[in-house]
Amino acid sequence: MDFNALKAAIQNAAKKLGVTEYEIYYMSSSDISVDTLNNEISNFSSGLAGGLCLRLVMDGKMGYASTELMEEAEMENLVERAIENAKYTEKEDTVGIFAGSASYEKPNVPDFVPKDAATLKELALATSAAVYAESDAVQNGTSSAAMSSGCVIRLCNSHGLDLETSFGVNAVMAAAVVAKDGEVENNYSVKEMKDGLRPEDVAKEAVSEALAKIGASHVESGKMNVIIDGKQMRAILSVFSSAFSAKSAQMGMSLLAGKENTEIASSIVTISDDPKREGLSIQSYFDAEGVAAYRKNVVENGVLKTLLHNRETAKRAGVETTGNASKGGYSSPVDISPYAFCIEAGAYTEDELFALAGNGVYITEVKGLHAGANAVTGDFSIESAGFVIKDGKKANAVKSFTIAGNFFELLRSITALSNEVKFGVPGGKTTFGSPNVLIKDMSVAGK
Amino acid sequence: MLEKRLLEEILGIAVSTGADFAEVYCELTRNGRVVLMGGKIETIADNTVSGVGIRAFLGTRTVYGSTSDITREGLIKCARSVAEAMGDKHAPQNVVLTERVFPNIHPVKVVPSTAEMKTKISLLREACTAASEYDERIAQVVGNLLTVDHTIQIANTEGLLTSDRHMRTRMAVNAIASAGGENQSGSASPGRGMGLEVFELFPPKEIGISAAKQAITNLTADYCPAGQMTVAIENGFGGVIFHEACGHSLEATSVGTGRSQMCGKLGQKIANEKVTAIDDGTIPNAWGSVNIDDEGHPTQKNILIENGILKNYMIDRLGSRRMGMPMTGNGRRESYLYEPTSRMTNTYIANGPDKNEDIISSIEYGLYAKSMGGGSVNPLTGAFNFAVNEGYIVRNGKICEAVRGASLVGTGSQILQDIDMVGQNLDTAQGMCGSASGSVPTDVGQPLIRVSKITVGGR
């Protein structure tokens, strides 16, 4: 595929059809993964995909059309479809296509280098072997994977803006099945392949956490102190992150609407959004409209400093865009997302946090967040597993209970934070992070 | 779609290094989406998905390659990469394809991809207006009209060459009720494997009112209490309980790899004798139906559990090899980017012996879950969860006040035994099920059932 030829075909069709303002957003991805099952290679897969989205302004309305058919003949069709879609759109477009930021600062990280098939095969097998070596309790059904996933985004428009970025992740995964004392449990661990990461580290985490679940009992129902592990808290933050979108707020779908410069969280809570967060392998320097991306505190010492904006929501609110325009996939309409959205670390070690909690529950697994949490209302009731906290120390495992509450109340009920932020493996361009979080008097439903 | 000769060449390359089977899946999909928000058409977008997936097997080892480059060169490159990853033998094979046509049991009257945009907009507006006008506390209504027109072509080294065209249409209305600084939401999202004629079955106005009514009910509801209780789960999306608690554990993806609580239990009593559960991809125009699955195998009606006894699993081609059992027409995938695996189609608990009124009147204190949300499961342990979108407390056999924010958690093997009453008003509802091969449309369903004891997550 010759991108410049496609771009020229769109340019010609646009001229012919009287379109003067448009944007081409092209995204291509390249994925490769090797899986093992029962300590043998079970699957190898590779994928190349590319799609192009055209946005154009016609008579004051924005029209979209996208395609994966990368043929010059398809481009005129694409322009016609986008014009047709603009014709029936009723919302006035208030911002048009972006001319460009004054300057762009590219991230200071090495270019993404994908791993080749042979390396991935070796890593998947080494990880699998490490899982089996970790414990005699490891059973068949155990799998591992090594994967490399890269993405290129190119954004160019009728104002002459032409930006390109590429990023990717290499990761290793272990999914251990263990059997002990007549019980079967499983757990998986996934980590980015970075310098110093050994397959044994991934294996150890998967196996030890699976074994820890054996013999789990049920917890009593009631209100209690709860520590949510950073890995789980970042998942909860991700589900409720849409509440920080100015679009949600302007649509009446966020309870944070109009709460800027008011206290929405405990004063120890700071939530930042940094497109170039140090240590993270995926970094961005422009958003899905071509606006330069930058770091900001969304919540600072409990006070909501800003919602996340794209150009349209910013104009409506009478503020500057925060450079958070996003697209879920190449064909998605422009929406809003954070980059590295993170509850910043607090002052305590994890052990000190247990001591502060005294008695309660430590949550190390949450499930079904897509169903059990509602970003519009803030309500959540989610399946959890973890450990009892007894006399300030982590005690026996517990499972099959729920924690329930309201996210906006939870933010206010955070009484302490651990001193290390745990970031996840990025999904697309967004990553979430959180330290362990101590919350007072949360509802737990067990037996 | 690809020419027969090119398909034969690609398959020949894919098996040239020792694979014992290869398959090509070619896709052209036109997705349409109209979004109405705050009374105005916010976005109209359409997207063409086009690509090919090539898969090779050697025993139970598989290699999969996918590409959106469907030029001859692009496809041959992809087939070569599959062959190279499979092995280094030189074992050329001559592949001869014979075209086969399967009957279309899902006729479509108004093809959504070519229907007038004005018609789509007017249907969506009718639903959203009805939702907005339902109550003055309805603060926002978002409506989506989603259409899919999906053509696939499948060829494999067993000589099969076939194609299918499948369409579906769905309207999703989300209503937000707001009062006293609080938001509550309600939604309704019916769909079928049909064109726009689906709205003869589901008048848009009713879709809108249904979403708004749920939002208002929740706005005035108190939080659900927590603890173990008896729960009556209503028909339609209530069937998500079977989907999560048991369905995923009956897929070959879990069973064939030894990662299911249901391994080795064929012929055993795994559920209360009142429970009969079925997966049926042949229901005309149902949301989860298709003529053939994404491996080119016709769908079928599979009785999974009969009167509490486990009768069958849902098995794709790889699962069939792993388990030594026949395929059941359940090999599905979201798109060419995904390797197919065993997935549900339309899965439901069949009508049982109990009268619905007896189910409610039998409960001294418990929860009536009128409308369910989604959920998830760990098939190995059977631990599942799902959300209650609209619930009511049952006291002395009567449905009383509405409660919100509840979820149900438990384990599949336990809940199947604890479904102790099964009613007679079977109905289905539509969902998008996410798993290893992406997001696929599935119907869930059941009549009103009673679960004697389950943990209700509330506060």
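**Note on the strands, domains and chain contact of a predicted model**

1. Strand 13 (residues 340-343) and strand 19 (residues 431-434) of chain A pair in the parallel sense over three bridges. Strands here are DSSP runs of E with at least two residues, and helices are runs of H or I with at least four residues, both numbered from the N terminus; two strands pair if DSSP finds at least two bridges between them. Within this pair, A:Phe341 of strand 13 has A:Phe432 of strand 19 as its bridge partner.

2. This is a predicted model, in which local features need pLDDT of at least 70 and side-chain atom pairs count only at pLDDT 80 or more, while totals for chains, interfaces and linings use all residues. Residues are numbered from 1 along each chain as its sequence is written, and chains are lettered from A and ligands numbered from 1 in the order in which they are written.

3. Strands 13 and 19 belong to an open sheet of six strands in chain A, with the order 10-9-8-13-19-18 and mixed pairing. Strand 10 (303-304) and strand 18 (422-423) of chain A each have a single partner strand, so one side of each is left without a neighbour in the sheet.

4. Helix 5 (residues 230-240) of chain A lies across strands 13, 18 and 19 of chain A and runs at about 130° to strand 19. Axes are lines fitted to C-alpha atoms, for helices over the stretch in contact, and angles run from 0 to 180 degrees between N-to-C directions.

5. Chain A is divided into domain 1 (3-213) and domain 2 (222-445), with bounds from an automatic or database domain assignment. The C-alpha centres of these two domains lie 23 Å apart. Their contact takes 31 residues from domain 1 and 24 residues from domain 2; two residues are in contact if their C-beta atoms, placed from the backbone, lie within 7 Å. Strand 5 of chain A gives the most to the domain 1 side, with five residues.

6. The contact between the chains takes 61 residues from chain A and 65 residues from chain B. On the chain A side, strand 2 gives the most, with 10 residues. That side divides into 23 nonpolar, 28 polar and 10 charged residues. Ala, Val, Leu, Ile, Met, Phe, Trp, Tyr, Cys and Pro count as nonpolar, Asp, Glu, Lys and Arg as charged, and the others, Gly among them, as polar.

7. Strand pairing also joins the two chains: strand 2 of chain A and strand 3 (residues 61-67) of chain B pair in the parallel sense over six bridges. A:Gly47 has B:Ser66, in strand 3 of chain B, as its bridge partner.
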